[in-house]
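Here is a short set of exercises to work through with the model open beside you. Try each task yourself before reading its solution.

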Amino acid sequence: MMEELSAVPWAVIAPLLVVQFILVIVALVDLRKIHATNGPKILWVFIILFVSLFGPIAYFIVGRKQS
Amino acid sequence: MSEFNVLLQKEFREAWRSWKFLWIPLVFALFGMSDPLTNYYMMDILNAVGNLPEGFDITMPNLVPADLLQASIGQFQLIGLLVLIASFVGSISKERANGMATLLYIRPISFASYFMSKYVVMSAVGLVSIAAGFTASVYYTFILYGKFEVTMLLAAFATYFVWLLFVSAITLLMSAAFKTGVATAGAFIIIFGGQIVDAIVGVFWTVSPWKLPVYGVQLIRGTMEMPDYWWSMALTVVLLLIFIVIGIYAMKKNAAMAKI
Amino acid sequence: MTTLLEVTGLTKRYAEKIVVDALDFKLDEHTSTALIGPNGAGKTTTLSMLTGLLKPTTGSVKMSGGDLRAMIGFLPQYPQFQPWLSALEFVEMAARLSGVPAKKARLEAQKMLEFVGLEDALHKKIATFSGGMKQRLGISQAIVHKPKLLLLDEPVSALDPVGRREVLDLLKGLQQETTILYSTHILNDAEEMTDQLLFLRDGKLVEQGTLREVRQRFDEPMYVVEFGSEEEARLFADQSEKYTKAAGCYVHVEIHEKNSNMQQLLERLSASPYTVRKVERKTASLEEIFMKVAKRA
């Protein structure tokens with residue numbers, strides 16, 4: 001197990017994972033604070049969590065509702 | 001000047017509080033990573049997927065760092081700009097349509113200040129975004145392929161930023177002149193349609209704003225014909241200034257469209 | 001009294017439709033004027049032109065001294081705010097954009113928000129505000145720069161009775177400090193705080209003047225007599241064609257030549273065996289005047 005973990009090229013994988021992770025977290029934090037969304041909130045939770053990468057992007061572009 | 005500062009602060013607050021300064025750069029970073037990574041692991045991916053026909057033999061092209069930066073810029077040109085334009089194309093037209101502009105327009109503000117405050121913020125988000133995107137791309141290229149010469153890399157970055165200033169000017173001009181739907185279509189047609197036209201028949205001319213992103217990479221490759229570069233640069237700056245002036249005029253002219 | 005604003009021949013035409021048709025009126029300093037009329041009469045369009053947001057097709061709006069936009073405060077019927085700002089941030093921005101110096105703007109904004117009763121919500125995001133809070137925020141942004149003229153479009157129409165009372169009291173408090181022009185279709189509100197009335201119908205100014213002048217113009221030469229019973233009222237009404245039996249125990253009496261007719265009526269009343277409860281001059285309510293103006297051909 002440890003050998004397998006150390007075989008993973010972390011310098012390659014880590015930044016990718018970190019950026020994706022932050023994007024998901026930011027989208028979820030914003031979703032929690034925002035008043036209203038286009039479409040049900042719970043739907044956006046699933047989209048952000050499970051549609052990897054494009055989920056959070058879609059949320060920020062079409063999910064947020066201002067005014 | 002103080003009026004410009006007040007409006008600038010308002011625009012920055014909006015961009016900041018709607019996370020634009022965070023999520024758009026992250027998107028650029030992700031797409032900056034994707035090309036160096038997928039190219040490097042292409043063989044592994046193909047093997048893992050398997051099902052290669054018997055005797056199928058592909059030779060991977062020998063890529064240099066500039067190739068990967070160019071591929072990453074290709075991603076910014078499509079998905080990056082799509083995200084950036086979509087996030088800002090309503091910044092004038094939506095404010096008019098939902099009435100938020102009314103309480104500002106009735107005050108003795110200059111539309112030049114208001115337009116410029118929006119322009120500065122869009123360009124700033126763009127600057128942070130391409131900085132994140134370039135950093136991500138260069139980082140992966142560096143650990144997987146090799147290094148860039150720093151001066152030329154910065155020159156390519158600056159060149160791409162000028163192109164981005166051009167994109168911002170068009171986006172906000174469209175937003176000032178039209179309703180959100182038409183503005184979106186207009187900005188997409190000019191930015192992406194222009195890219196397509198330039199890709200298909202662009203060999204017939206050498207001076208064009210749409211060529212700037214590629215010219216930046218050619219600076220790194222050392223294959224750039226400098227007169228073409230400078231003429232394109234000059235044309236882009238002149239055009240974006242003209243777009244800004246028309247944008248301010250359109251914003252003022254359409255002030256009465258603000259919903260009361 | 002000095003004239004603050006003078007409007008001459010103000011007209012707005014869209015393609016074929018004339019929305020506002022050649023309005024002429026003046027606003028004197030420190031007066032309140034109600035712009036009344038049915039929906040679609042052109043009230044909002046008129047106010048938009050006064051703010052400078054909408055350019056008139058023809059006609060002019062003159063205000064003594066300088067950039068008109070610096071001297072007015074405006075509250076739209078449905079004000080929209082940047083929801084990501086706090087109340088204080090918004091009003092401070094409004095103050096600075098209207099020319100209040102940076103040093104004073106925050107303090108003034110705070111004072112105004114306290115004045116409208118939002119002192120507990122200074123740092124709350126506008127996104128969380130209720131309708132009544134937004135209306136009060138709207139008033140504070142309209143007065144924070146001490147405008148000479150305050151324009152309000154249906155300032156209380158959207159509020160519940162409690163909110164309406166509060167906002168009306170706020171506006172009454174402002175009457176001493178500034179000139180107010182507000183539109184409304186709720187006549188009780190207009191009756192409550194108004195020096196001048198402007199009736200709009202189909203874009204035209206069909207009636208204007210002080211509340212008293214308009215009342216006099218629409219006053220009918222009519223007295224109302226209340227009797228003890230319906231039977232008595234009917235019997236009395238039969239005595240003259242000038243008397244008409246109204247619903248209930250009332251008789252309406254037309255009196256044209258004041259003295260002689262009045263005398264005749266009083267003599268008849270005292271000669272009659274009927275119980276007379278009340279004799280009074282009929283005064284037209286704004287509501288009745290409004291209906292008359294709205295229906296008048």
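The exercises below concern a predicted model, and each comes with a worked solution.

**Exercise 1. Work out the strand order of the open sheet that contains β1 of chain C, and find its edge strands.**

Solution.
Step 1: Begin with the order. The three strands of this open sheet run β2-β1-β4 in chain C, with antiparallel pairing.
Step 2: Look for strands that pair on one side only; these edge strands are β2 (17-28) and β4 (58-63) of chain C.
Step 3: Add the twist, which averages 10 degrees from one strand to the next.
Step 4: Check one pairing in detail. Strand β1 of chain C, residues 3-14, is joined to β4(C) by five bridges in the antiparallel sense. To place yourself in this pairing, find C:Thr11, whose bridge partner in β4(C) is C:Thr58.
Step 5: Now add the helix. Helix α1 of chain C (residues 43-51) lies across β1, β2 and β4 of that chain, and its direction is at about 120 degrees to β1(C).

**Exercise 2. Do the same for the open sheet of chain C that contains β10, β11, β12 and β13.**

Solution.
Step 1: The order of the four strands is β11-β12-β10-β13, and they pair in the antiparallel sense.
Step 2: The edges are formed by β11 (243-245) and β13 (276-281) of chain C, each of which pairs on one side only.
Step 3: From one strand to the next, the twist averages 20 degrees.
Step 4: Inside the sheet, β10 (residues 222-227) and β12 (residues 250-254) of chain C share five bridges, antiparallel. C:Tyr223 has C:Val253 as its bridge partner in β12(C).
Step 5: Helix α9 of chain C (residues 230-237) lies across β10, β11 and β12 of chain C, at about 150 degrees to β11(C).

**Exercise 3. Describe the contact between chain C and chain B: how many residues take part, and which ones supply the buried area?**

Solution.
Step 1: Count the residues on each side. Chain C gives 29 and chain B gives 25.
Step 2: Turn to the area. The two chains bury about 2,600 Å² between them, and 67% of this is on carbon and sulfur atoms. C:Leu53, C:Trp84 and C:Leu97 supply 31% of what chain C buries against chain B, more than any other three residues.
Step 3: Search for charged pairs. Side chains of opposite charge can pair when their charged atoms come close. Across this interface there are two salt bridges. A salt bridge joins the side chains of C:Glu89 and B:Arg13, with 3.7 Å from N to O.
Step 4: Include the polar contacts, which amount to eight residue pairs between chain C and chain B, counting pairs with both residues at pLDDT 80 or more.
Step 5: Assign the chain C side to its helices. At least two residues each come from α1, α2 (68-71) and α3 (87-97) of chain C, and α3(C) has the largest share, six residues.

**Exercise 4. Now describe the contact between chain A and chain B, taking the same steps.**

Solution.
Step 1: Chain A contributes 21 residues to the contact and chain B contributes 21.
Step 2: About 1,800 Å² is buried between chain A and chain B, 84% of it on carbon and sulfur atoms.
Step 3: The search for salt bridges across this interface gives zero. For polar contacts it gives one residue pair, with both residues at pLDDT 80 or more.
Step 4: On the chain A side, two or more residues come from each of α2 (10-33) and α4 (54-63) of chain A. The largest share, 12 residues, belongs to α2(A).

**Exercise 5. Characterise the fold of chain B, then explain what the salt bridge of B:Lys118 and B:Glu11 ties together.**

Solution.
Step 1: Chain B contains 11 helices and zero strands.
Step 2: Its C-alpha trace spans about 70 × 40 × 30 Å along the principal axes.
Step 3: Locate the pair. The closest N and O atoms of B:Lys118 and B:Glu11 are 3.0 Å apart, in a salt bridge.
Step 4: B:Lys118 belongs to helix α7 (residues 111-144) of chain B and B:Glu11 to helix α1 (residues 2-17) of chain B, so the pair ties together parts that are 107 residues apart in sequence.

Key:
Residues are numbered from 1 along each chain as its sequence is written. Chains are lettered from A and ligands numbered from 1 in the order in which they are written. Side-chain values use heavy atoms; hydrogens and water are left out. Two strands pair if DSSP finds at least two bridges between them. Axes are lines fitted to C-alpha atoms, for helices over the stretch in contact, and angles run from 0 to 180 degrees between N-to-C directions. Contact means heavy atoms within 4.5 Å. Buried area is the accessible area (1.4 Å probe) that two parts lose on being put together, summed over both. A salt bridge is a side-chain nitrogen of Lys or Arg within 4 Å of a carboxyl oxygen of Asp or Glu. A polar contact is a pair of N or O atoms within 3.5 Å; within protein, one must be able to donate a hydrogen and the other to accept it, and residues adjacent in sequence count only if both atoms are side-chain atoms.
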